[in-house]
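The following report concerns a single chain and its internal contacts. Please consult the sequence and the model while reading.

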Amino acid sequence: QVQLVQSGGGLVQAGGSLRLSCVASGRTFSSYNMGWFRQAPGKDREFVASISRSEHSTDYSDSVKGRFAISRDNAKNTVYLQMNSLKPEDTAVYYCAAHVTGYLSVQYAGTPTSYDYWGQGTQVTVSS
């Protein structure tokens with residue numbers, strides 16, 4: 001069983017920045033593929049960013065590319081999402097997710113069903 005505990009988020013004005021953190025339990029965090037997703041009211045959960053296991057390969061949705069950055073610190077069992085130049089349309093509940101069952105192709109890293117465990121979610125609200 002893997003637990004993911006999120007922190008960060010909150011209310012920010014458009015153009016501002018926030019950083020989300022997600023701490024994972026377990027002794028093999030470096031073997032987990034990690035992802036961030038978000039869900040706005042009335043919409044499906046959508047992919048935001050992913051980072052591979054120790055190779056640190058990253059991928060982003062087109063809507064956040066160039067503004068958001070995903071990173072990980074395997075010594076701290078933590079994955080981060082740095083969000084810059086925030087827009088009102090970034091308002092959503094953000095979730096971190098872990099894929100712990102072996103290799104995950106980048107082809108599937110953006111699919112919610114590829115992930116085995118989820119954080120509790122954290123609200124990000126961007127005011128105009």
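## Nonpolar cores

Within the largest nonpolar core, which has 29 residues, M34, W36, L81, M83 and Y94 touch the most other members. At least two residues of this core come from each of β3, β4 (33–39), β5 (46–51), β7, β8 (78–83), β9 and β11 (122–127). A nonpolar core is here a set of buried Ala, Val, Leu, Ile, Met, Phe, Trp, Tyr and Cys residues joined through side-chain atoms within 4.5 Å. Buried stands for under 20% relative accessible area, exposed for over 50%, and partly exposed for values in between (1.4 Å probe, protein chains only). Helices (H or I, at least four residues) and strands (E, at least two) are DSSP runs, numbered from the N terminus.

The model is a predicted one, in which local features need pLDDT of at least 70 and side-chain atom pairs count only at pLDDT 80 or more, while totals for chains, interfaces and linings use all residues. Residues are numbered from 1 along each chain as its sequence is written, and side-chain values use heavy atoms, with hydrogens and water left out.

L81 may serve as an example from the core. Outside its neighbours within four places in sequence, L81 is in contact (heavy atoms within 4.5 Å) with L18, R19, L20, W36, V48, A49, F68, A69, I70 and Y94. A separate core of 6 residues includes F37, A97, L104 and Y115.

## The four-stranded sheet

Four strands form an open sheet in the order β1-β3-β8-β7, and their pairing is antiparallel. Because β1 (4–7) and β7 (68–73) each have a single partner strand, they stand at the edges, and one side of each is left without a neighbour in the sheet. On average, neighbouring strands of this sheet are turned by 15 degrees against each other, direction ignored; the axes are lines fitted to C-alpha atoms, for helices over the stretch in contact, and angles run from 0 to 180 degrees between N-to-C directions. Two strands count as paired if DSSP finds at least two bridges between them. Antiparallel strands β1 and β3 (residues 18–24) are joined by 4 bridges, and S7 stands opposite S21 in β3.

## The disulfide

A disulfide is assigned to a pair of cysteine sulfur atoms within 2.5 Å, and the count by this rule is 1. C22 and C96 form this link, with their sulfur atoms 2.1 Å apart. C22 lies in strand β3 and C96 in strand β9 (residues 92–99), so the pair ties together parts that are 74 residues apart in sequence. The link of C22 and C96 is right-handed, with 55 degrees about the S-S bond. Both C22 and C96 are buried.

## Salt bridges

A salt bridge requires a side-chain nitrogen of Lys or Arg within 4 Å of a carboxyl oxygen of Asp or Glu. There are 4 salt bridges by this rule, among them the following pairs.

| Pair | Closest N and O atoms |
|---|---|
| E46 and R38 | 2.6 Å |
| D62 and K65 | 3.4 Å |
| R67 and D90 | 2.8 Å |

R67, in the loop between β6 (58–60) and β7, and D90, in the loop between β8 and β9, link distant parts of the chain, 23 residues apart. R67 is buried at a relative accessible area of 12%, and D90 is buried at 1%. In the pair of E46 and R38, E46 is partly exposed at 35% relative accessibility, whereas R38 is buried at 5%. D62 is exposed, with a relative accessible area of 68%, and K65 is partly exposed, with 48%. A network of salt bridges links R38, E46, R67 and D90.
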